[in-house]
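Thanks for making time this morning. Please bring up the sequence and the structure, and I will talk through a few residues one after another.

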Amino acid sequence: MDQAGQKLDVPLDFDRVRADERLAADTRRLISLGIAEDLAGSVDWTSLATVPQEARGACEIVPRVAGVTSGIVVVDWIIEAMQMDLEFRPTKQDGDRFARGESLGSLQGRAIDLLTAERLVLNIVSRLCGVATLTARYVEQLRGTAARLYDTRKTTTGWRRLEKYAVGCGGGFNHRSGLYDAFLIKDNHLALGGTAGVPLSPASAIRRARALRDQNQRPSGTEQSYVPQIIEIEVDSLDQLRSCLPESPDIVLVDNFPLEKLKEAVSLRNEINPQVQLEASGGVTIDTIAAIARTGVERISCGALTHQATWLDLGLDWRQ
């Protein structure tokens, strides 16, 4: 089910979010905020009052429902940031499926540290497992089709890399991470890019993006070391699609097309420029995604993977 690790058979695709130092850096910033929220530079007074300093303990991260694992890599980063006397032993890896009641891993060490870290661990891992589990449900609907599922930038501020990582754990693919790593021309760019009240044409917009890409010069005053290679354009009509296909963008996003119109878009693309990939977006739900995939589009992007995902119910079960 985890398609995210497979190499695409298309020339270009967006970078996959991995468990690397960039993910760790983003996570550490969130962990710092979580520590400040729970402790505010102080201590866990209740645990200090009730639990002996020398007491040791152990617990399991246990799901109350079945799902897909994401966030296992984060637990050690939390322990490190909180400077806890704890050891984490995972029994599941990110991307693994689990049944209700099946342990994801154990934490053991100083009892006060276990109690202090409990909520932060569960908050982050529950959220990421929720995104991964919802993504897996959507991916299951694509079985037997050639379409791939992509996330969007509709993510929780500060959580983008983590949530996109969770999408990958659930078997989805990552769309662009931000405004910096792809050209994605939308209707507002066309409206604001024209002159004398006349919108910029899709074909002209693609040519402008290609010219900037081919200059291969990073913007001055930025840390960007590359110019993005993917050029994608959003269209909302078959006429717009027809006008931009001869310019060979890498991807055309067909936005809010009903099913019959999507089929027409696929036929038009096949006739004019079969190398261009089509991405369907808008109105994508767990109930509609299979029918969308059967129209023949290669990509389906869905913001619900992140903005509609609910936390998975996880708990810490204490060992006696």
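**Around Asp181**

If we leave aside the neighbours within four places in sequence, Asp181 is in contact with Arg176, Tyr226 and Pro228. I should say at once that this is a predicted model, so please hear every distance as a computed one, in keeping with that prediction. As for where we are in the chain, Asp181 belongs to the loop between helix H5 (160–169) and strand E7 (183–185).

Which side chain of opposite charge is nearest to Asp181? That is Arg176, at 5.7 Å, and Asp181, although buried, has no salt bridge. What the side chain of Asp181 does reach is backbone: a polar atom of that side chain lies 2.9 Å from the backbone nitrogen of Ser177, and the backbone nitrogen of Gly178 is reached at 3.2 Å.

Let me turn now to Leu278, which is found in strand E10, residues 277–281. Is Leu278 buried or exposed? Leu278 counts as buried, because its relative accessibility is 0%. Not counting residues up to four places away in sequence, Leu278 touches Leu241, Val252, Ala265, Val266, Arg269, Val297, Glu298 and Arg299. Ala191, by comparison, is 87 residues from Leu278 in sequence, and the two C-alpha atoms are 22 Å apart in space.

Finally, a word on rings and charges. Arg148 lies over the face of Phe173, 5.8 Å from the ring centre, while the charged end of Lys261 sits over the ring of Phe257, at 4.4 Å from the centre of that ring.

Key. Residues are numbered from 1 along each chain as its sequence is written. This is a predicted model: local features need pLDDT of at least 70, side-chain atom pairs count only at pLDDT 80 or more; totals for chains, interfaces and linings use all residues. Side-chain values use heavy atoms; hydrogens and water are left out. Helices (H or I, at least four residues) and strands (E, at least two) are DSSP runs, numbered from the N terminus. Buried means under 20% relative accessible area, exposed over 50%, partly exposed in between (1.4 Å probe, protein chains only). Contact means heavy atoms within 4.5 Å. Lys and Arg count as positive and Asp and Glu as negative; His and the chain ends are not counted. A salt bridge is a side-chain nitrogen of Lys or Arg within 4 Å of a carboxyl oxygen of Asp or Glu. A polar contact is a pair of N or O atoms within 3.5 Å; within protein, one must be able to donate a hydrogen and the other to accept it, and residues adjacent in sequence count only if both atoms are side-chain atoms. A charge sits over a ring if NZ of Lys or CZ of Arg is within 6 Å of the ring centre and within 35 degrees of the ring normal.
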